[in-house]
Amino acid sequence: MEENQKKEILSENFVSLLGIKGGFKCQKITHDNGVDLHVIRVAHNNYSGDTRCFDDPRTLLFQLKATTNKEITRGKDFIKYDLRIKNYNDLVYSRILENGVPIILVLCILPDSEESWFKLSDNSLSIFSEAYYYIADSNAEIDNNLSTKRIEIKTANRFDFNSMEKLHKEIYRL
């Protein structure tokens, strides 16, 4: 398996595991056009005395990227990453659409050495990754560059167990 395929699978599973912890389910898009995962909040109601689960129709749209430490630039409060222009423009275009839900980039950063990505012991599996999310500014414009766009992601946008709930509330103004 190629390294990029491994990174892609790892990022999907990393985000999905965080979603499970936060009460969200992630559905992989098999033939994607800029969105890799639909993230659905599992809500609960208590009609007729029974607690029932249902899918909140207000979904989050995630574009996933995985890279290694050597492929990013770190600053005091930010990370710089060269995103393919097609992917950048997808993020921007989703902000331009009236009443559109923005596509959220989740960037998973892995150690440089593939051997350091996982650790399996007798009773645990550890994934060594950190992740950050990025939403294009509402005033961002489509870029006509031919290759990449360097984006700056705030380190305050660390993607963790609480991020999906936070993003859901922020995007849908709950």
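Ala, Val, Leu, Ile, Met, Phe, Trp, Tyr, Cys and Pro count as nonpolar; Asp, Glu, Lys and Arg count as charged; the others, Gly among them, count as polar. This is a predicted model, where local features need pLDDT of at least 70, side-chain atom pairs count only at pLDDT 80 or more, and totals for chains, interfaces and linings use all residues. Residues are numbered from 1 along each chain as its sequence is written, and side-chain values use heavy atoms, without hydrogens and water.

**Exercise 1.** Describe the largest pocket (an open set of points on a 1 Å grid over the protein atoms alone, where a 1.4 Å probe fits, with protein on both sides within 12 Å along at least five of seven lines).

*Solution.*
- Start with the volume, the space filled by probe spheres set on the points, which are joined across faces, edges and corners. It is about 570 Å³.
- Next, find the lining (residues with an atom within 4 Å of a point). It has 25 residues; Glu-8, Leu-64, Lys-65, Ala-66 and Arg-84 lie nearest the centre.
- Then take the helices (DSSP runs of H or I, at least four residues) and strands (E, at least two), numbered from the N terminus. α1 (3–22), β4 (60–68), β6 (78–84) and α2 (85–96) each give at least two lining residues. The largest share, 6 residues, is from α1.
- Finally, sort by class: 5 nonpolar, 9 polar and 11 charged.

**Exercise 2.** Describe the second largest pocket.

*Solution.*
- Its volume is about 340 Å³.
- Its lining has 15 residues, with Arg-95, Pro-102, Glu-170, Ile-171 and Arg-173 nearest the centre.
- α2 and α3 (163–172) each supply at least two of the lining residues. α3 has the largest share, 3 residues.
- The classes are 7 nonpolar, 5 polar and 3 charged.
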